[in-house]
Amino acid sequence: MSAVTLTNIVKKFGGFTAVHRMSMDIPDGSFVTLLGPSGCGKTTTLRMIAGLIDPSEGDITIKGQRINDVPIHKRNLGLVFQNYALFPHKTIAENVAFGLKYRDISKADAEKKVKDALELVQLPHVSDRYPKQLSGGQQQRIALARAIVIEPDVLLLDEPLSALDANLREDMRVELKRIQHRIGITTVFVTHDQSEALAMSDRIVVMSNGRVEQIGSPEEVYNTPASEFVSRFLGISNILPATCKEVNGSGLALELADFGRVTVPKERAPNVGEAGPAQLVIRAEKLLLADKTAPLDDRIALDGVVEAVDYQGQAARYFVRVGGHQLQAVNMIDQRPFQEGTAVSVRFRPRDCAALPGAAA
Amino acid sequence: MGWNLIRIYTLLVYLFMFLPVAVVVLLSFNASQFGSFPMTGFSFRWFVELAQNEAILRAFQTSIVLGALTAVISTTLGVLASLALVRYEVPGRNLISTLLIAPILVPEVVLAVALLLFLNFLAINKSFFLLLMGHVIFTLPFVILVVQARLVGIRRDYEEAALSLGASPVQAFFQITLPLLAPAVFAGMLFAFTISFDDITGTLFWKPGGVETVPTQIFAMLRNSISPEINALGTVMIFLTVGLPLLGLAIARRMAMQRGG
């Protein structure tokens, strides 16, 4: 069953359309991420589900009930903000218990629930402190406890990790996923950080300019991007203009300058149906640089020259010139990274590539 | 050398500003019949007489009631207006905001005469209630300025979090917004009280016959003679109008600290 459905949602702010005809289903118990750059409409969408903004058009249902006209305080949602939004004048216990006051729960039960929630977020000993006395990560855990203690139908997370510093963010990512998994709550997560989205989600909704670009599992959106935007936004991609010569049983035969013919598997190009202009997508980590003398395998080998190296410790990001193209390759470093100006063999497998409809700028 | 000059200059400015006030305070303890130098001895005599002067006591009572009512009404209206202006999309928000602040910018005499003429036009007689309304009009901008500044600093997240947890908008206001706003509400109240307590220009125009506030009473007494009682009254006024806001500020700071800002 769908926990949340959006049907043809439109949101206009004056003359500006923040969300265009958005429809999606969020299955019960799933972790769905709205991913996109700032201004893509992801937060607006979340706030419409929360009831903080009214949609201009379309329907929102939660557990089968249309809730467009239900005010936020009657929606039974858990909301977690980027800046925690813990009430500064209340203790941690009072913060967590806040939502229980508005539900028919006896005092003893409420105390037990608060205690359990604090244990769930692994902060059982802070109940008498004030929010200011906790670190950012701890405050965010409390905010999470406050949101889930009311047993909401849906948990809405608005960039909850972006105010934390890098190391803490990764810990919280794991922690958040663990808690979500444990209580099995339907979760809508908003972020602009692709690694958060890829690591945590069951499904990712990639958005750009108020439109849904693609909905799919992390692997689907990463490996089979539905649009140039998606392939550029997630990871580093080389997107090269090509011509689709023919579509046959084995795949799509693309032809492009300096590469010759590359046959991309059909399932990696769901949006290219016929011969014509197309684009070849090669992920930077699928492009392997090798010594010119290295033995050939099943990869296509092209001649290239390293133009720049961005050393990253365990890996390096190379800018390589192959004929008229500048390509990016991210490779693990075996012994020493290739130096600038080195002539290398640039190799990739056609089955690791994807194809998009053409007319590249 | 340069710094010393600046120091001396600063000292002189402070002397110029506060010496007259100090003289009033000093003379209020003078035992002499005349409210001027030389001092003939130290005495609380004028304070005692002050406490027995019924006209002054009545004026004091009027001032306190007027100030307290002004503070309560002004603060209530000010908080509501600030909420509307900061939290809601009111059409013509800038215009309303400017109009509400305008009484600060208009010279008080002009405002006083304008209100008086307006009442005349409506054929309404002067009364305590109208005096009160006059005070509310020109204390309101101060309350709004103080409360608005604080409200802008309170993130909407807090209210939204409360709403999402099941609090109705009214409950969210009393549970979250008002407590966070408390220092500003308190400061605004003190402002309103002190300004009202201190006011003479508007009060002279608006007060109905027979009603005197402390400032108008002093003014009336001064017309007859310079009694040392006035010095004593001045001293009491100084302590009230300086001491009260300082006390209030201290309390507000304490509250803000306890609530974690």
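These legends go with close-up views of a predicted model.

**View 1. Where chain A meets chain B.** Start with the contact between the two chains: chain A puts in 20 residues and chain B puts in 18 residues. Look at the chain A side and you'll find 14 nonpolar, four polar and two charged residues touching chain B.

**View 2. Ala85(A), a loop residue with a positive phi.** Here we zoom in on the loop that runs between β6 (77–80) and α2 (92–97) of chain A, where Ala85(A) sits. Phi of Ala85(A) comes out near 55 degrees, positive even though the residue isn't glycine. For background, most residues other than glycine have a negative phi. Is Ala85(A) buried or exposed? Ala85(A) counts as buried because 25 C-beta neighbours fall inside 10 Å, and the cut-off for that label is 20 or more.

**View 3. Gln122(A), another positive phi in a loop of chain A.** Gln122(A) belongs to the loop between α3 (107–120) and α4 (136–148) of chain A. Its phi is near 60 degrees, again a positive value in a residue other than glycine. As for its surroundings, Gln122(A) has 13 other C-beta atoms within 10 Å, so it is partly exposed.

**View 4. Lys113(A), a buried lysine in helix α3.** This one is part of helix α3 of chain A. Why does Lys113(A) count as buried? It has 21 C-beta neighbours inside 10 Å, and 20 or more is what the label takes. Leaving out residues up to four places away in sequence, Lys113(A) touches Leu100(A) and Val149(A). Val96(A) is worth finding too: it is 17 residues from Lys113(A) in sequence, with 9.1 Å between the two C-alpha atoms.

**View 5. An open sheet of five strands in chain A.** Following the order β15-β19-β16-β17-β18, the five strands of this chain A sheet pair up antiparallel. The edges are β15 (288–290) and β18 (325–332) of chain A, and each of them pairs on one side only. On average, neighbouring strands here are turned by 45 degrees against each other, direction ignored.

**View 6. Inside that sheet, β16 next to β17.** Strand β16 (residues 300–311) and strand β17 (residues 315–322), both of chain A, run antiparallel and are joined by six bridges. To get your bearings, pick out Val306(A): its bridge partner in β17(A) is Val320(A).

**View 7. The annotated domain and transmembrane spans of chain B.** In an unreviewed entry, UniProt lists residues 60–248 of chain B as "domain: ABC transmembrane type-1". In the model, that stretch is 84% helix and 0% strand, and its end C-alpha atoms are 21 Å apart. UniProt (unreviewed entry) also gives "transmembrane region" for several spans of chain B, including residues 98–122 and 230–252. Residues 230–252 of chain B are 100% helix and 0% strand, with 32 Å between the end C-alpha atoms. For residues 98–122 of chain B, the figures are 88% helix and 0% strand, with the end C-alpha atoms 25 Å apart.

**View 8. Helix α5 of chain B and the residue after it.** Helix α5 (residues 108–121) of chain B has 14 residues. From its first C-alpha to its last, α5 of chain B reaches 20 Å, close to the 20 Å expected at 1.5 Å a residue. Just after α5(B) comes Ala123(B), which takes a positive phi of about 55 degrees.

Notes:
Residues numbered from 1 in each chain as written. Chains lettered and ligands numbered in written order. Predicted model: local features only at pLDDT ≥ 70, side-chain atom pairs only at ≥ 80, totals over all residues. Contact = placed C-beta atoms within 7 Å. Nonpolar A, V, L, I, M, F, W, Y, C, P; charged D, E, K, R; others polar. Helix = DSSP H or I, 4+ residues; strand = E, 2+ residues; numbered from the N terminus. Buried ≥ 20, exposed ≤ 12 C-beta atoms within 10 Å, placed from the backbone. UniProt positions renumbered as here; feature names shortened; annotations may be inferred. Pairing = 2+ DSSP bridges. Axes fitted to C-alpha atoms, helices over the stretch in contact; angles between N-to-C directions. Expected span 1.5 Å × (residues − 1).
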